[in-house]
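Open the model in a viewer with the sequence panel visible. The stops below each give a selection and then what is found there.

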Amino acid sequence: MAKQSTADYYKKNPDKAANRRKQQRAYMQTKKGKEIRRNADRLSAKLGGSVGDGLDAAHYKGSKTNGRLQPEGENRRSRLKARKK
């Protein structure tokens, strides 16, 4: 049997998905969460990205000061590929 993806789990369990979103909102209000968000926003702006353009600043080691813009789906999938190795 293939492993279930996190997205599939949350589709099947909307109450769990709501709880995760609640926890994530709280985390993003902490000092560390704000720092992560601020750095990501700064890098995206530096690279020429804007809100709603469908692009993320690539997340990789050292991306606080340099990086590249990628489509959101490609960027978020890359972390899954790295974890499976």
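In which helix is lysine 34 found? Select lysine 34: the residue is found in helix H3. This is a predicted model, so keep a colouring by pLDDT at hand. Lysine 34 is partly exposed, because its relative accessible area is 35%, and the cut-offs for that class are 20% and 50%. Leaving aside neighbours within four places in sequence, lysine 34 is in contact with Met28 and Gln29.

**Whole chain**

Zoom out and show the cartoon. The protein has four helices and two strands, and along the sequence they follow the pattern α-α-α-β-β-α. Colour by pLDDT: the mean for the protein is 82, and 80% of the residues reach 70 or more. Among the elements, helix H2 (residues 14-27) has the highest mean pLDDT, 96, and helix H4 (residues 72-84) the lowest, 69. Where pLDDT is low, the predicted coordinates should not be read in detail.

Next, switch on the surface. The protein exposes about 7,300 Å², and carbon and sulfur atoms supply 52% of that area. Of the 85 residues in the protein, 15% are buried. For a view of the contacts, take those with a separation of 6 or more: residues 24 or more positions apart account for 8% of them.

**Helix H3**

Select residues 31-46, which are helix H3. The helix has 16 residues and reaches 22 Å from its first C-alpha to its last, close to the 22 Å expected at 1.5 Å a residue.

Which residues of H3 are buried? Show side chains for Gly33, Asn39, Leu43 and Ser44, the buried residues of H3. They are on the same side of H3, because they cover an arc of only 135° around the axis. An α-helix has 3.6 residues a turn, so residues three or four places apart point the same way. The buried residues of H3 pack against H2, strand S1 (55-57) and S2.

Now rotate to the other side of H3, where Lys31, Asp41, Arg42, Ala45 and Lys46 are exposed. Just after H3, select glycine 48, which takes a positive phi of about 95°.

**The loop after H3**

Continue to valine 51, found in the loop between H3 and S1. Is valine 51 buried or exposed? Valine 51 counts as exposed, because its relative accessibility is 87%. Draw a C-alpha to C-alpha distance from valine 51 to aspartate 41: the two are ten residues apart in sequence and 9.3 Å apart in space.

**Strands S1 and S2**

Select aspartate 56, which lies in strand S1. Aspartate 56 is buried, because its relative accessible area of 12% is under the 20% cut-off. Which residues is aspartate 56 in contact with, leaving aside its neighbours within four places in sequence? They are Arg68, Leu69, Gln70, Glu72, Asn75 and Arg76. Draw the C-alpha distance to arginine 68 as well: aspartate 56 and arginine 68 are twelve residues apart along the chain and separated by 8.2 Å.

From that contact list, move to glutamine 70, whose place is in strand S2 (residues 69-71). Glutamine 70 also counts as buried, because its relative accessibility is 9%. Not counting residues up to four places away in sequence, glutamine 70 touches Gly54, Leu55, Asp56, Ala58 and Asn75. Keep Asn75 displayed: it is among the contacts of aspartate 56 and among those of glutamine 70.

**The aromatic pair**

How many aromatic pairs does the count come to? The count comes to one aromatic pair. Select tyrosine 9 and tyrosine 10, which form this pair, and show both rings. A pair of aromatic rings is described by the distance of the centres and the angle of the planes. For tyrosine 9 and tyrosine 10 these are 5.3 Å centre to centre and 70° between the planes, an edge-to-face arrangement. Tyrosine 9 counts as partly exposed, because its relative accessibility is 33%. Tyrosine 10 is partly exposed too, with a relative accessible area of 25%.

Note on methods. Residues are numbered from 1 along each chain as its sequence is written. Side-chain values use heavy atoms; hydrogens and water are left out. pLDDT is the predictor's confidence in each residue, from 0 to 100. Buried means under 20% relative accessible area, exposed over 50%, partly exposed in between (1.4 Å probe, protein chains only). Contact means heavy atoms within 4.5 Å. Accessible areas come from the Shrake-Rupley method with a 1.4 Å probe; for residues, only the protein chains shown count as cover. The expected span of a helix is 1.5 Å times one less than its number of residues. The arc is that of the directions from the helix axis to the C-beta atoms. Rings of Phe, Tyr and Trp (its six-membered ring) pair if their centres lie within 6.5 Å; planes under 30 degrees apart count as stacked, over 60 as edge-to-face and the rest as tilted.
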